[in-house]
Amino acid sequence: MERDVVVVGGGVAGLVAARDLAATGRDVLLLESSPELGGKLRGREVAGQVVDVGAEAMIARRPEGLALADDLGIDLVHPTPATSGVFSRGEVRTLPRSLMGVPFDLEQLAASRVLSREGLARVAEESDAAFDDDVSVGDLVAARLGDEVVDRLVEPLLGGVYAGHARRISAAAAVPQLLAMARRGSLLEQAAAIPAASGPVFATLPGGMGRLPALLVGTGGFETRTSATVRALRRTPTGWALTVGPTTAAETVEAGVVVLATPAAPTARLLAEVAPEAASVLAGVEAASVAVVTLAFRASDVPEALFDRSGVLVPPVERRTIKATTFSFGKWAWVRELDPDLVFLRTSLGRHREESVLQADDEALVRVSLADLAAIAGLHASPVDTHVQRWGGALPQYAVGHIARVARVRAAVEAHPGLAVCGASYDGVGIPAVIGSARRAVASVTRAE
Ligand SMILES: Cc1cc2nc3c(=O)[nH]c(=O)nc-3n(C[C@H](O)[C@H](O)[C@H](O)COP(=O)(O)OP(=O)(O)OC[C@H]3O[C@@H](n4cnc5c(N)ncnc54)[C@H](O)[C@@H]3O)c2cc1C
């Protein structure tokens, strides 16, 4: 079988790349190893209603997600004005506005009581300590503003996105704005000058991000095959040959162009023969495993006070098991409207190199979530239904050196006309950044032809 294009991986990166390539008139086949498309975008039925059990929103400050929604004719919805909390020093406190932990307003930080008196004093004293060019977010903020703000704000904020550790994640790769500010001078002064946010920060589809894959396929003009694992990639005189399917019944698919939209580990395996340098770099990109526990409660069992919150971050120093809880019923009107008698919330568990937390059965993850919700939020109710979604090796870690590693991978891959990579391992793990990486891959293979 020969195609113009084969896209490997049916997450948002692969779906966007396939759709864009099909729009240029090419014959595109997308191969996905699991039985369903969407990757980390997934809806599941809990208490009779479909809710997100993977990604649930995208940042509305970047253009890529908004432009895609526009193109699909979707009217995005935004979170309610409910506030986020952080569980710090034994209580849920209102999350102060910050750029990844660097406060916009010292008075607001003080009023939040997230930090101790000493921690706050250290922030206010901001030092002008030097830092390495490729420093971790945690080391950069700790050098300037002290350890406590890292432990109690930076860590839970970064943990929510990367499931990683602030002192390992590259500032240049994860929060370049912060690094640029630190190079210019005082973090506090520049953060104070950041204008108040105008317009919503997050957006989602009515009905959840899990609806996006079907919309991309439905309007995409490309063919998809699920339960089709690509095992090997090699060059042919005219393009590429992919080995697809179980080893006992492997099939060869040929294509002029191949886009690998798979996570770092499978991409490394697929590139082993054709781009060994890229393969060895990608093999070194670690990933964190996480789990999302969705709980449905009777609305009458949930304390009124919780309805004004969108969720709570839990810093690792608090030594609970969950690292965050999203009060989906408080955050999203569309969730609250699903069934007025039900309240949905979710907890997330698992950080990089702390996989032991997830080595428990589903019931144990529900139990520990309920215990933490009782301790943190005073929620003592029994759920009417639960769902546990495990995401193994799901979040690539942008460790110090990430930008240089990605440049090496792209140089090695782009040396092969008709081959490109995209997805969460390169330019950002958030959905808009992943869409951006897909568009970059499409530009590179169409330019090369
Ligand atoms: C629990 C969780 C919550 C998140 N929440 C948010 C959020 O709210 N907002 C946000 O912006 N981001 C969020 N993210 C991050 C974001 O969802 C992901 O970074 C993004 O969806 C990744 O898309 P992708 O296409 O790069 O990869 P994936 O979604 O991982 O897709 C890759 C696909 O490739 C397939 N594949 C792998 N190997 C092969 C092979 N050999 N052959 C064929 N197919 C293969 C996989 O099965 C998978 O379907 C979240 C992530 C997780 C895990």
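In the next few minutes I will go through some local features of this structure, beginning with the annotated domain and ending with the salt bridges.

I should say at the outset that this is a predicted model, and that the values I quote are computed from it. The UniProt record, in an unreviewed entry, lists residues 12-445 as "domain: Amine oxidase". Over residues 12-445 the chain is 36% helix and 22% strand, with the end C-alpha atoms 18 Å apart.

Let me start with helix α5, which covers residues 137-145, and ask how many of its residues are buried. The count is 7 of the 9, so the helix is largely enclosed by the rest of the structure. The buried residues are V137, G138, L140, V141, A142, R144 and L145, and the elements that they pack against are strand β9 together with the helices α4, α6, α7, α8 and α9. Directly after α5 comes G146, which has a positive phi, near 100°.

One of those buried residues carries a charge and has a partner: R144 forms a salt bridge with E126, at 3.9 Å from N to O. This pair links distant parts of the chain, since R144 belongs to helix α5 whereas E126 sits in the loop between α4 and α5, 18 residues apart. Both R144 and E126 are buried.

The loop between α4 and α5 also holds S136, which is buried because its relative accessible area is 2%, under the 20% cut-off. If we set aside neighbours within four places in sequence, the contacts of S136 are A166, R167, R168, I169, S170, A171 and V400. R167 appears again in another setting, as it is linked with D147, D151 and E155 in a network of salt bridges.

I turn now to the aromatic residues, where the structure holds 3 aromatic pairs. In the pair of F307 and F329, the ring centres are 5.0 Å apart and the planes are at 65°, so the arrangement is edge-to-face. Because F307 lies in the loop between β15 and β16 while F329 lies in helix α13, this pair ties together parts that are 22 residues apart in sequence. F307 and F329 are both buried. F329 also pairs with F327, and here the rings are stacked, with 5.7 Å from centre to centre and 20° between the planes. F327 counts as buried at 1% relative accessibility, and F329 is buried with a relative accessible area of 0%. Taken together, ring pairs link F307, F327 and F329 into a cluster.

A further buried aromatic residue is Y426, at 3% relative accessibility, placed in the loop between β20 and α17. Not counting residues up to four places away in sequence, Y426 touches T267, L282, Y398, H402, V406, V409, R410 and V421. As for R298, which is 128 residues from Y426 along the chain, the two C-alpha atoms are separated by 42 Å.

What, then, do we find at the surface? A nonpolar patch of about 200 Å² is made there by I59, V201 and F202. F202 lies in strand β10 and counts as partly exposed, at 34% relative accessibility.

Two loop residues deserve a word on backbone geometry. Most residues other than glycine have a negative phi. S227, however, has a positive phi of about 50° although it is not a glycine, and R353 has a positive phi of about 60°, again without being a glycine. S227 is found in the loop between β11 and β12, and R353 in the loop between β18 and α15. S227 is exposed, with a relative accessible area of 51%, and R353 is likewise exposed, at 51%.

Finally, I come back to the salt bridges, of which the structure holds 22. In one of them E36 is joined to R44, with the closest N and O atoms 2.5 Å apart; E36 is partly exposed at 30%, and R44 is partly exposed at 25%. In another, E64 is joined to R62, the closest N and O atoms being 2.7 Å apart. Within this pair, E64 is buried, with a relative accessible area of 17%, whereas R62 is partly exposed, with a relative accessible area of 33%.

Definitions and conventions. Residues are numbered from 1 along each chain as its sequence is written. This is a predicted model: local features need pLDDT of at least 70, side-chain atom pairs count only at pLDDT 80 or more; totals for chains, interfaces and linings use all residues. Side-chain values use heavy atoms; hydrogens and water are left out. Patches are made of residues with over 30% relative accessible area and no salt bridge: like charges are joined within 9 Å, nonpolar side chains (Val, Leu, Ile, Met, Phe, Trp, Tyr) within 5 Å. Accessible areas come from the Shrake-Rupley method with a 1.4 Å probe; for residues, only the protein chains shown count as cover. A salt bridge is a side-chain nitrogen of Lys or Arg within 4 Å of a carboxyl oxygen of Asp or Glu. Helices (H or I, at least four residues) and strands (E, at least two) are DSSP runs, numbered from the N terminus. Buried means under 20% relative accessible area, exposed over 50%, partly exposed in between (1.4 Å probe, protein chains only). UniProt positions are given in the numbering used here, feature names are shortened, and annotations may be inferred rather than shown by experiment. Contact means heavy atoms within 4.5 Å. Rings of Phe, Tyr and Trp (its six-membered ring) pair if their centres lie within 6.5 Å; planes under 30 degrees apart count as stacked, over 60 as edge-to-face and the rest as tilted.
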